[in-house]
Structure formats: structure tokens, C-alpha cells
Amino acid sequence: YNYDAKAPLGDKLISEQPSFVATTKKFTLQGAQGDTVPAYIVLPSGASETNKAPAVVLLHGKGGRAEEMLVAAQFLATRGYASVLPEIVGHGTR
């Protein structure tokens, strides 16, 4: 894709659900071709701007949805990892 890496992501927070293990945020981003990309970010308890956490990107399989990866993301959060779960083109609500 040809895109401007300095352009704003156009992110919009849809919902936020805190728990004792992690905070799960559902949001949308502006895709490289102008489409809307639904995604989740799962932050381990205690993660913040000043207390950063290592992160992984979790991708669902063919025919799947980002929500299917939330259990894995919650498990990783118990180990101190943040996760980003984008919805892949042609799947879920995309």
C-alpha cells in the first residue's frame, strides 16, 4: 500500500471495558485505502503512557473475526503483554 506514515490514524474509541486483568478497548482506524478498520487493543493491568508494556499483534484465521482472539489477548495480558487485534480485510464487519 502507498500511504503517508505521518498521516493521522483517524482512530475513534468505540468502547472501553476495564477488568482486574486488562483493559479492552474497541476502536476503529482509517485504513490505507480509506476504509474503516475495526480493531481491539488489550492492555495489561497497570500499563500506561509511562509504564509501557511489550505488545503483540494477534490475527484471526480465514473466515474469523478479531473477537475470536480476545481470549488469547486476555491470557497474554496476565503475562504483561499488550495485544492489538485488527479485523482483516474481507472478514467480520469488513
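**Entry 1: the start of the sheet**

I began with S1 and S2, which pair antiparallel over 6 bridges. A hairpin of 3 residues takes the chain from S1 to S2. I looked up one facing pair here and found Pro18 opposite Thr23 in S2. Note to self: this is a predicted model, not an experimental one.

**Entry 2: S2 with S3**

Next I moved along to S2 and S3. How many bridges hold this pair? I get 9, and the sense is antiparallel. I noted two facing pairs: Phe27 sits opposite Ala39 in S3, and Thr28 sits opposite Pro38 in S3.

Then I checked the turn. The hairpin of S2 and S3 has 5 residues between its strands. Which residue there takes a positive phi? Gly34 does, with a value near 90°.

**Entry 3: S3 with S5**

I followed S3, residues 36–44, to its pairing with S5, residues 82–86. These two run antiparallel and are joined by 4 bridges. I picked out Ile41, whose bridge partner in S5 is Val84. I also picked out Val42, which stands opposite Ser83 in S5.

A reminder on what I was counting: strands of a sheet pair through backbone hydrogen bonds, in either a parallel or an antiparallel sense.

**Entry 4: the sheet as a whole**

With the pairs written down, I put the sheet together. In what order do the strands lie? It goes S1-S2-S3-S5-S4, an open sheet of 5 strands with mixed pairing. Which strands sit at the edges? They are S1 (12–18) and S4 (55–57), and each pairs on one side only. Going from one strand to the next, I get an average twist of 15°.

**Entry 5: the helix**

I turned to helix H1, residues 70–78. H1 lies across S2 (22–30), S3, S4 and S5, and runs at about 30° to S3.

I wanted one residue to follow in detail, so to speak, and chose Leu70, which lies in H1. What does Leu70 touch beyond its neighbours within four places in sequence? I find Thr24, Tyr40, Val42 and Leu85. Val42 was already in my notes as the residue opposite Ser83 in S5. I also took a distance from Leu70 to His60: the two are 10 residues apart in sequence and 10.0 Å apart in space, C-alpha to C-alpha.

**Entry 6: the whole chain**

I stepped back for the overall count, which is 1 helix and 5 strands. Along the sequence the pattern reads β-β-β-β-α-β. Why call the chain as compact as a globular protein of its length? Its radius of gyration is 14 Å, close to the 12 Å that the globule rule gives for 94 residues, so the description fits. I also boxed the C-alpha atoms along the principal axes and got roughly 35 × 30 × 20 Å.

**Entry 7: the largest pocket**

Pockets next. The largest pocket holds about 510 Å³ of space. I count 21 lining residues, and those nearest the centre are Leu9, Gln30, Gly31, Ala32 and Val37. Which elements give two or more residues to this lining? S2, S3 and S5 do. By class, the lining of the largest pocket splits into 15 nonpolar, 3 polar and 3 charged residues.

**Entry 8: the second largest pocket**

The second largest pocket comes out at about 440 Å³. Of its 17 lining residues, Lys25, Ile41, Leu43, Ser48 and Glu49 are closest to the centre. I had met Ile41 before, as the bridge partner of Val84 in S5.

S1, S2, S3 and S5 each give two or more residues to the lining of the second largest pocket. Which element gives the most? It is S2, with 3 residues. I sorted this lining by class as well: 10 nonpolar, 2 polar and 5 charged.

Notes. Residues numbered from 1 in each chain as written. Predicted model: local features only at pLDDT ≥ 70, side-chain atom pairs only at ≥ 80, totals over all residues. Heavy atoms only, no water. Pairing = 2+ DSSP bridges. Axes fitted to C-alpha atoms, helices over the stretch in contact; angles between N-to-C directions. Contact = heavy atoms within 4.5 Å. 1 Å grid on protein atoms, 1.4 Å probe; cavity = no way out; pocket = protein on both sides within 12 Å on 5 of 7 lines; lining within 4 Å. Points joined across faces, edges and corners; volume = space filled by probe spheres on them. Nonpolar A, V, L, I, M, F, W, Y, C, P; charged D, E, K, R; others polar. Rg over C-alpha atoms; globule rule 2.2 N^0.38 Å.
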